[in-house]
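Please walk me through this structure by question and answer, with the grounds for each reply.

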Amino acid sequence: MKVILLQDIKGVGKKDQTINASDGYAKNFLIPKKMAVEANEANIRKLEKQKAEAAARAEAELEAARKLGEEISSKVISLKVKVGNNGKLFGAVTNKEAAAALKEQFNIDIDKKKITVDPIKAVGEAEASVKLHPQVTVKLKISVSELK
């Protein structure tokens, strides 16, 4: 009997996969436990529609990430920090400060975990990488100056 799996089942198959299962296994175990549905015309069409919607959603997310990436890469965030002798910072500028400055200066809300910056310990220009999507990573320019 052909069934469409509704979830991953170890040793059987992955979610949304169509498999051949024995009649007893399908009728007595998979279908009653809502792990699978029979692979008839209606269910196959429904599965194809769900896959098409998921693909469209993924494409829209990728396009939005690319657009945001273009916007971010054209920006330069400026941070003013306390500086000691020789232009060295007290502490360091990290991804947390970069995310806060991006939100404050340009109203772009990015999770600090998506920003990768080597701790900046001196006044000047630096770059951070921002991972917006598995396929979209952009550079963010950071300008660090002395707080007077």
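The exchange below takes up the cores, an aromatic pair, strand pairing and one serine.

Guide: This is a predicted model, in which local features need pLDDT of at least 70 and side-chain atom pairs count only at pLDDT 80 or more, while totals for chains, interfaces and linings use all residues. Residues are numbered from 1 along each chain as its sequence is written, and side-chain values use heavy atoms, with hydrogens and water left out.

Visitor: Which element supplies the largest share of the largest nonpolar core?

Guide: A nonpolar core is a set of buried Ala, Val, Leu, Ile, Met, Phe, Trp, Tyr and Cys residues joined through side-chain atoms within 4.5 Å; buried means under 20% relative accessible area, exposed over 50%, and partly exposed in between (1.4 Å probe, protein chains only). The largest such core has 27 residues, and Ile 72, Ile 110, Leu 132 and Ile 142 touch the most other members. At least two residues each come from α2 (41-73), β4 (76-81), β5 (88-93), α3 (95-106), β8 and β9 (136-146); helices (H or I, at least four residues) and strands (E, at least two) are DSSP runs, numbered from the N terminus. The largest share, five residues, is supplied by β9.

Visitor: How many residues form the second, separate core?

Guide: In soluble globular proteins, nonpolar side chains tend to be buried together. Here, Val 3, Ile 9, Ile 19 and Ala 21 are included in a second, separate core, and its size is nine residues.

Visitor: What is the angle between the planes of Tyr 25 and Phe 29?

Guide: Because Tyr 25 and Phe 29 are four residues apart in helix α1 (residues 23-30), about one helical turn separates them. Rings of Phe, Tyr and Trp (its six-membered ring) pair if their centres lie within 6.5 Å; planes under 30 degrees apart count as stacked, over 60 as edge-to-face and the rest as tilted. The pair is stacked, at 5.5 Å centre to centre, and the angle between the planes is 15°.

Visitor: Which residue in β3 stands opposite Val 3?

Guide: Two strands pair if DSSP finds at least two bridges between them. Strands β1 (residues 2-5) and β2 (residues 18-20) run antiparallel and are joined by three bridges. β1 also pairs with β3 (residues 36-38) in the antiparallel sense over three bridges. In β3, the residue opposite Val 3 is Glu 38.

Visitor: Is Ser 129 buried or exposed?

Guide: Ser 129 lies in strand β8 (residues 124-133). Its contacts (heavy atoms within 4.5 Å) include Lys 114, Ile 115 and Val 138, not counting residues up to four places away in sequence. Because its relative accessibility is 18%, Ser 129 counts as buried.
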